[in-house]
Amino acid sequence: MVITDAAIRAARTRWMERDDDSAIRAINLVIQRGDRSARHGRPRIQLGTRVLHLIENRVTDATVTGMRHATNLYRRAKRDARERRKGATP
């Protein structure tokens with residue numbers, strides 16, 4: 001199975017892997033032990049919260065389940081911090 005550079009970058013950032021080699025090892029582990037399914041007609045492999053998206057037998061993306069919720073929490077915290085800075089008096 002071919003692993004794209006974009007999938008390696010996504011695995012590093014979203015799965016918090018320290019370098020490209022560990023990201024590739026993590027992707028291979030998901031490929032070997034993960035459950036295959038098709039969501040919205042697109043094949044994917046999932047192991048725990050780690051998900052790989054496939055197109056024509058190529059790994060194109062690596063995501064985490066619940067990522068939308070985590071992103072919304074991050075945005076809310078960032079917005080709250082910005083509002084606190086605006087309201088702070090020196």
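**Exercise 1. Determine how exposed arginine 12 is, and which residue arginine 12 pairs with in a salt bridge.**

Solution. Arginine 12 has a relative accessible area of 33% and is therefore partly exposed, where buried means under 20%, exposed over 50% and partly exposed in between, with a 1.4 Å probe and protein chains only. The structure is a predicted model, in which local features need pLDDT of at least 70 and side-chain atom pairs count only at pLDDT 80 or more, while totals for chains, interfaces and linings use all residues. Residues are numbered from 1 along each chain as its sequence is written, and side-chain values use heavy atoms, with hydrogens and water left out. The partner of arginine 12 is aspartate 20, with the closest N and O atoms 3.4 Å apart; a salt bridge here is a side-chain nitrogen of Lys or Arg within 4 Å of a carboxyl oxygen of Asp or Glu. Aspartate 20 is partly exposed as well, with a relative accessible area of 39%.

**Exercise 2. State how many salt bridges the rule yields, and describe the pairs formed by arginine 14 and by arginine 50.**

Solution. The count comes to three salt bridges. One of them joins the side chains of arginine 14 and aspartate 61 at 3.0 Å, N to O. Because arginine 14 lies in helix H1 (residues 5–14) and aspartate 61 in strand E5 (residues 58–64), this pair ties together parts that are 47 residues apart in sequence; helices (H or I, at least four residues) and strands (E, at least two) are DSSP runs numbered from the N terminus. Arginine 14, at 34% relative accessibility, is partly exposed, and aspartate 61, at 24%, is also partly exposed.

Arginine 50 forms a salt bridge with glutamate 17, their closest N and O atoms being 3.1 Å apart. This pair links distant parts of the chain, with arginine 50 in strand E4 (residues 50–55) and glutamate 17 in the loop between H1 and helix H2 (20–33), 33 residues apart. Arginine 50 is partly exposed at 27% relative accessibility, whereas glutamate 17, at 16%, counts as buried.

**Exercise 3. Identify the residues with the most contacts inside the largest nonpolar core, and the element that gives the most to this core.**

Solution. The largest nonpolar core has 15 residues, and those with the most contacts inside it are Trp15, Ile27, Leu52 and Val59; such a core is a set of buried Ala, Val, Leu, Ile, Met, Phe, Trp, Tyr and Cys residues joined through side-chain atoms within 4.5 Å. H1, H2, E4 and E5 each supply at least two residues of this core, and H2 gives the most, with five residues.
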